[in-house]
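Subject: A structure to look at

Hello,

Here is the structure I promised to pass on to you. Please open it beside this message, and read on once you have had a first look around.

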Amino acid sequence: MSIATEGKIVVITTVYPEVEPYFCRYLDSLEAQTSKAFDVLIANDGFIGLEAILSARKLQWRTLDVAKAASGNRRDLINKAIEYGYNKIIFSDSDDELSLN
């Protein structure tokens, strides 16, 4: 997916199989934000069917396949966000529900 990143914000998170019961609510909370000026960068650590779930959403997203400890996944996400040119990073957990902004 081609995304223009100059001056943009990215929300980063990691998904793994155990988060599946909460993940759709997490995505719902992202879609409900009044400001839509952000993309989502997701480290996929074994979550099956991720791209199918994301394809049905109205979010700008990218995925990164990983299989590391949480700190390694987060480091990879940060490095990829910098590589893609994002200048603001929001960290979140994929089992969270974000408050409206």
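Below is what was found in it, going from the whole chain to some single residues.

One thing to keep in mind from the start: this is a predicted model.

The overall picture

The protein holds 3 helices and 4 strands. If you follow the chain from the N terminus, you will meet these elements in the order β-α-β-α-β-α-β.

How does the radius of gyration of the protein fit with that of a compact globule? For 101 residues, such a globule would come out near 13 Å, and the protein has 13 Å, so the two agree. Taken along the principal axes, the box filled by the C-alpha atoms is roughly 35 × 25 × 25 Å.

As for what is covered, 39% of the 101 residues count as buried. The accessible surface comes to about 5800 Å², and carbon and sulfur atoms account for 52% of that. Contacts across the chain are worth a glance too: among those between residues at least 6 apart in sequence, 71% join residues at least 24 apart. On the charge side, there are 11 positive and 15 negative side chains, and the centres of these two sets are 6 Å apart.

The aromatic rings

A pair of aromatic rings is described by how far apart the centres are and by the angle of the planes. How many such pairs does a search of the whole structure find? It finds 2. In one of them, the rings of F23 and Y26 have centres 6.0 Å apart and planes at 20 degrees; planes under 30 degrees apart count as stacked, so this pair is stacked. F23 and Y26 both sit in helix α1 (residues 20–31), and because they are 3 residues apart there, about one helical turn separates them. Are they buried or exposed? F23 has 0% relative accessibility and therefore counts as buried, and Y26, also at 0%, counts as buried too.

F23 also pairs with F47, and this pair is tilted, with 5.4 Å from centre to centre and 55 degrees between the planes. Here the pair links distant parts of the chain: F23 belongs to helix α1, while F47 lies in the loop between β2 (38–44) and α2 (50–55), 24 residues apart. With a relative accessible area of 4%, F47 is buried, since the limit for that is under 20%. Taken together, the ring pairs join F23, Y26 and F47 into a cluster.

Another residue of helix α1

While you are in helix α1, have a look at L27, which is placed there as well. Its relative accessible area is 0%, so L27 is buried. Which residues does L27 contact, leaving aside neighbours within four places in sequence? They are I53, L54, R57 and L59. For a sense of distance, the C-alpha atoms of L27 and G49 are separated by 14 Å, with their positions 22 residues apart along the chain.

Two exposed residues

E83 is part of helix α3 (residues 70–84). Its relative accessibility is 56%, and because exposed means over 50%, E83 counts as exposed. From E83 to N73 the C-alpha distance is 15 Å, and the two are 10 residues apart in sequence.

N101 is found in the segment after β4 (88–91). With a relative accessible area of 52%, N101 is exposed. Even so, N101 touches Q33, T34 and S35, when residues up to four places away in sequence are not counted. N101 and A37 are 64 residues apart in sequence, and their C-alpha atoms are 12 Å apart in space.

If you would like a place to begin, try the cluster of F23, Y26 and F47, and then turn to L27 in helix α1.

Enjoy the look around, and best wishes!

Notes:
Residues are numbered from 1 along each chain as its sequence is written. This is a predicted model: local features need pLDDT of at least 70, side-chain atom pairs count only at pLDDT 80 or more; totals for chains, interfaces and linings use all residues. Side-chain values use heavy atoms; hydrogens and water are left out. The radius of gyration is taken over C-alpha atoms; the globule rule is 2.2 Å times the number of residues to the power 0.38. Buried means under 20% relative accessible area, exposed over 50%, partly exposed in between (1.4 Å probe, protein chains only). Contact means heavy atoms within 4.5 Å. Accessible areas come from the Shrake-Rupley method with a 1.4 Å probe; for residues, only the protein chains shown count as cover. Lys and Arg count as positive and Asp and Glu as negative; His and the chain ends are not counted. The place of a charge is taken as NZ of Lys, CZ of Arg, CG of Asp or CD of Glu. Rings of Phe, Tyr and Trp (its six-membered ring) pair if their centres lie within 6.5 Å; planes under 30 degrees apart count as stacked, over 60 as edge-to-face and the rest as tilted.
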